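Please work through the following exercises with the sequence and the model at hand. Each task is followed by a solution in steps.

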Amino acid sequence: ISSISIQSVVVFAESNMPTCVENGSLVMGNLMNAAHALGVDSCWIHRAREVFASEEGQALKAEWRTSRV
């Protein structure tokens, strides 16, 4: 029996840049290619706009900004 570890990666792009969607998409594509090269399954779930527009999402973004390493 193997253990399964579910991890999440959230990519934010600078929304004031005219190419923010393209930049974020390229980052996600490269992350997924790297995962595949390592034999790791990945799935792109495009829900950030809806999730992070909410009050709870805004709070998470604020919390994550203050906890950057």
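**Exercise 1: Burial and exposed surface**

Task: Determine what share of the residues of the chain count as buried.

Solution: Of the 69 residues, 10% count as buried, where buried means under 20% relative accessible area with a 1.4 Å probe, protein chains only. The exposed area of the chain is about 6,400 Å², of which carbon and sulfur atoms supply 57%; such areas come from the Shrake-Rupley method with a 1.4 Å probe.

This is a predicted model, in which local features need pLDDT of at least 70 and side-chain atom pairs count only at pLDDT 80 or more, while totals for chains, interfaces and linings use all residues. Residues are numbered from 1 along each chain as its sequence is written, and side-chain values use heavy atoms, with hydrogens and water left out.

**Exercise 2: Helices and overall dimensions**

Task: State how many helices and strands the chain has, and give its radius of gyration.

Solution: The chain has three helices and zero strands, counted as DSSP runs (helices H or I, at least four residues; strands E, at least two). Next, the radius of gyration, taken over C-alpha atoms, is 14 Å, whereas a compact globule of 69 residues would have one near 11 Å by the rule of 2.2 Å times the number of residues to the power 0.38. Finally, the C-alpha atoms fill a box of roughly 40 × 25 × 25 Å along the principal axes.

Technical notes: Buried means under 20% relative accessible area, exposed over 50%, partly exposed in between (1.4 Å probe, protein chains only).
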